[in-house]
Amino acid sequence: MTLRLGNLEIATPVVLAPMAGITNAAYRRLCAEQGAGLYVCEMITSRGLVEGDQHTKDMLVFDDLETVRSVQLYGTDPVYVGKAAEILCAEYGVAHIDLNFGCPVPKVTRKGGGGALPWKRNLLGEILRHAVTAAEPYGVPVTMKTRKGIDADHLTYLDAGRIAEESGIAAIALHGRTVSQAYSGLADWDAIAALKASVTTIPVLGNGDVWEAADALRMVEQTGVDGVVVGRGCLGRPWLFRDLAAAFAGESVATLPTLGEVSTMMRRHAELLCRHMGEERGCKEFRKHVTWYLKGFSAGGAMRRDLGLVRSLADLDALLDELDPEEAFPVSELGAPRGRQGAPREKVVLPEGWLDDTDGIGCEIAEDTVSGG
Ligand SMILES: Cc1cc2nc3c(=O)[nH]c(=O)nc-3n(C[C@H](O)[C@H](O)[C@H](O)COP(=O)(O)O)c2cc1C
């Protein structure tokens with residue numbers, strides 16, 4: 001099973017979900033070293049890119065081995081999104097652009113962005129068309145990623161699927177939660193199946209709660225999707241992409257690394273971060289991954305704390321040397337949720353009057369310059 005996005009053929013129908021603060025060049029390479037797939041850069045804002053914001057530019061770094069550069073773009077203004085798509089294609093050699101219509105963060109939905117935007121169907125269509133038109137001359141496919149809707153009473157995903165098809169979008173990915181659910185509860189795979197049933201001309205990708213390779217196969221079987229998007233399941237487990245590639249090739253592999261093998265992966269991750277960011281920043285970035293890598297292993301509190309304060313690769317090596325390389329993988333962790341879960345939101349923060357009108361632009365919304373979700 002392969003995945004076709006416009007003229008881009010992906011050997012395994014697996015996409016690394018964009019995750020702000022996680023899916024930087026180092027992490028994308030680490031995952032790519034494990035298996036075939038598409039590895040999407042963390043979200044950057046259209047306006048930040050168009051206005052030459054330094055933080056945005058710093059995020060647009062790619063590893064030498066990244067042959068398919070894939071970036072997620074955020075925006076609420078069709079003109080900015082179109083210009084940003086053009087810049088990504090012309091100046092950064094990007095081969096795939098994903099548009100973010102799923103972000104649940106209040107500072108984003110307050111401006112009508114992310115998961116709030118598809119409520120405005122005309123605006124959604126305009127943004128999609130501007131991005132597609134800008135990327136078309138470069139042969140770059142544009143996809144979109146969205147949620148079920150704002151909340152259970154304001155679902156948008158089926159309309160979004162239709163608008164995506166009409167606008168020249170190459171694929172639509174659905175995270176089976178509403179904005180108000182944030183990351184809580186279970187992803188609704190029935191909604192993913194409903195989108196797949198209603199979208200007939202472009203691939204549909206399913207997202208939410210793939211913790212193991214077997215979950216990905218189950219999602220495909222239950223929903224009929226053309227591919228899966230994997231986020232939290234690979235936190236501290238980049239080898240999940242190896243298992244996913246094997247599963248889609250018809251083999252059943254569940255990698256169960258010893259603590260020694262996990263240490264080697266941690267070292268590789270830290271080394272790639274340091275290569276891209278310099279040793280001080282790279283080690284600081286690495287700290288947030290320590291808990292995920294060690295989840296379920298017996299490493300004690302002092303060791304976890306020290307690893308969480310690591311300042312250099314030499315420090316890291318000394319600490320990793322103290323771990324028992326023979327300790328077996330904690331199989332109780334298999335299939336268990338990891339990463340952000342949280343509670344549902346009582347109320348989604350929206351611009352004044354946002355829900356009054358589903359077709360127009362409705363009210364004035366401001367572009368955001370802050371990249372990284
Ligand atoms: C830390 C974190 C950051 C995220 N950042 C983004 C983002 O920038 N863009 C996006 O579309 N989704 C983002 N997401 C959502 C994921 O891409 C994905 O849709 C969600 O986690 C559900 O998939 P999962 O169950 O496989 O994790 C983020 C999720 C997490 C946990």
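**Exercise 1. Polar contacts of the ligand**

How far is an oxygen atom of the ligand from an N or O atom in the side chain of Arg232? Work this out in the predicted model, and then describe the surroundings of the ligand and how much of its area the protein covers.

*Solution.* Begin with the pair named in the task: an N or O atom in the side chain of Arg232 and an oxygen atom of the ligand are separated by 2.7 Å. The protein covers 93% of the 610 Å² of accessible area that the ligand has on its own. Next, turn to the other polar pairs, where the side chain of Gln72 places an N or O atom 2.7 Å from a nitrogen atom of the ligand, and a polar side-chain atom of Lys145 is found 2.8 Å from an oxygen atom of the ligand. Finally, widen the view to the full surroundings, which comprise 17 residues, the closest being Gln72, Lys145, Asn207, Asp209 and Arg232.

**Exercise 2. The annotated cysteine**

Locate the residue that UniProt lists for "active site", and determine whether it is buried or exposed.

*Solution.* The unreviewed UniProt entry lists Cys103 under "active site". In the model, Cys103 belongs to the loop between β7 (96-101) and α5 (106-109). Its relative accessible area is 7%, and because buried means under 20%, Cys103 counts as buried. If neighbours within four places in sequence are set aside, the contacts of Cys103 are Val108, Thr109, Gly113, Gly114 and Gly115.

**Exercise 3. Two cysteines without a bond**

Explain why Cys274 forms no disulfide with Cys283.

*Solution.* The sulfur of Cys274 has its closest cysteine sulfur in Cys283, at 3.9 Å, and since a disulfide requires the two sulfur atoms to be within 2.5 Å, that separation is too far for a bond. Seen from the other side, Cys283 is likewise in no disulfide, with the sulfur of Cys274 as its nearest cysteine sulfur. A search of the whole structure agrees, finding zero disulfides. As for accessibility, Cys274 is buried at 10% relative accessibility, and Cys283 is buried with a relative accessible area of 1%.

**Exercise 4. The setting of helix α1**

Decide how many of the ten residues of helix α1 are buried, and identify the elements against which they pack.

*Solution.* Helix α1 spans residues 25-34, and eight of its ten residues are buried, so the helix is largely enclosed by the rest of the structure. The buried residues are Ala25, Ala26, Tyr27, Arg28, Arg29, Leu30, Cys31 and Gln34. Their packing partners include the strands β3 (14-16), β4 (38-39) and β5 (41-45), together with the helices α10 (240-248), α11 (259-277) and α13 (290-294).

Key. Residues numbered from 1 in each chain as written. Predicted model: local features only at pLDDT ≥ 70, side-chain atom pairs only at ≥ 80, totals over all residues. Heavy atoms only, no water. Buried < 20%, exposed > 50% of the residue type's maximum accessible area, 1.4 Å probe, protein only. UniProt positions renumbered as here; feature names shortened; annotations may be inferred. Helix = DSSP H or I, 4+ residues; strand = E, 2+ residues; numbered from the N terminus. Contact = heavy atoms within 4.5 Å. Near = heavy atom within 4 Å. Polar contact = N/O pair within 3.5 Å; in protein donor to acceptor, adjacent residues only side chain to side chain. Areas by Shrake-Rupley, 256 points an atom, 1.4 Å probe, with all protein chains shown as cover.
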